[in-house]
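Here are a few short exercises to work through with the model open beside you. Try each task before reading its solution.

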Amino acid sequence: MDQTPESIGRLIRSTRKALGVTQRDLAMTSGTGWRFIIDLEKGKPTCHLGKTLTVLRTLGIRLELTPPERNE
């Protein structure tokens, strides 16, 4: 998966729909606003990172960060 705001938004939208959750319900359960969920799913690049991580956790989406390999 490419790692762009748009691809993350698509993943969030498809996961939410697969779980049968509305945007409003996701906003309530994740403690964010409905407008934030709309913007996040559209791939708005300026969405708040902390809130985005909360939404990912709420949906059960795991995020893995891998540091670059060091050449020694």
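**Exercise 1. Overall layout**

How many helices and how many strands does the protein have? Work out their order and the box that holds the chain.

*Solution.* Start by counting: this predicted model has four helices and zero strands. Next, follow the sequence, and you get the pattern α-α-α-α. Finally, align the C-alpha atoms with the principal axes; they fill a box of roughly 50 × 25 × 20 Å.

**Exercise 2. Helices α2 and α3**

Describe how α2 packs against α3, going from axes to side chains.

*Solution.* A reminder to begin with: two packed helices are described by the angle between their axes and the distance between those axes.

Step 1: find the geometry. Helix α2 covers residues 23–30 and helix α3 covers residues 34–41; their axes come within 8 Å and cross at roughly 110°.

Step 2: classify the angle. Angles of 65 to 115 degrees count as roughly perpendicular, so α2 and α3 are roughly perpendicular to each other.

Step 3: assign the hand. The crossing of α2 past α3 is right-handed.

Step 4: list the partners. On the α2 side you find Q23, R24, L26, A27 and S30, and these meet W34, I37, I38 and E41 of α3. Sorted by class, the residues of this contact are five nonpolar, two polar and two charged.

**Exercise 3. Helices α2 and α4**

Repeat the analysis for α2 and α4.

*Solution.* Step 1: the axes of α2 and α4 come within 9 Å and cross at roughly 105°. Step 2: α2 and α4 are therefore roughly perpendicular to each other. Step 3: α2 contributes L26, T29 and S30 to the contact, while α4 contributes T54, V55, T58 and L59. Step 4: the classes in the contact of α2 with α4 are three nonpolar, four polar and no charged residues.

**Exercise 4. The largest pocket**

What volume does the largest pocket have, and which elements give two or more residues to its lining?

*Solution.* Step 1: the largest pocket has a volume of about 450 Å³. Step 2: 20 residues line the largest pocket, and the closest to its centre are T4, I8, T52, L56 and L63. Step 3: the elements giving two or more residues to the lining are α1 (5–18) and α4 (49–59). Step 4: by class, the lining of the largest pocket has 13 nonpolar, four polar and three charged residues.

Conventions:
Residues numbered from 1 in each chain as written. Predicted model: local features only at pLDDT ≥ 70, side-chain atom pairs only at ≥ 80, totals over all residues. Heavy atoms only, no water. Axes fitted to C-alpha atoms, helices over the stretch in contact; angles between N-to-C directions. Parallel < 35°, antiparallel > 145°, perpendicular 65-115°, else oblique. Left-handed = near helix turned anticlockwise from the far one by under 90°. Contact = heavy atoms within 4.5 Å. Nonpolar A, V, L, I, M, F, W, Y, C, P; charged D, E, K, R; others polar. 1 Å grid on protein atoms, 1.4 Å probe; cavity = no way out; pocket = protein on both sides within 12 Å on 5 of 7 lines; lining within 4 Å. Points joined across faces, edges and corners; volume = space filled by probe spheres on them.
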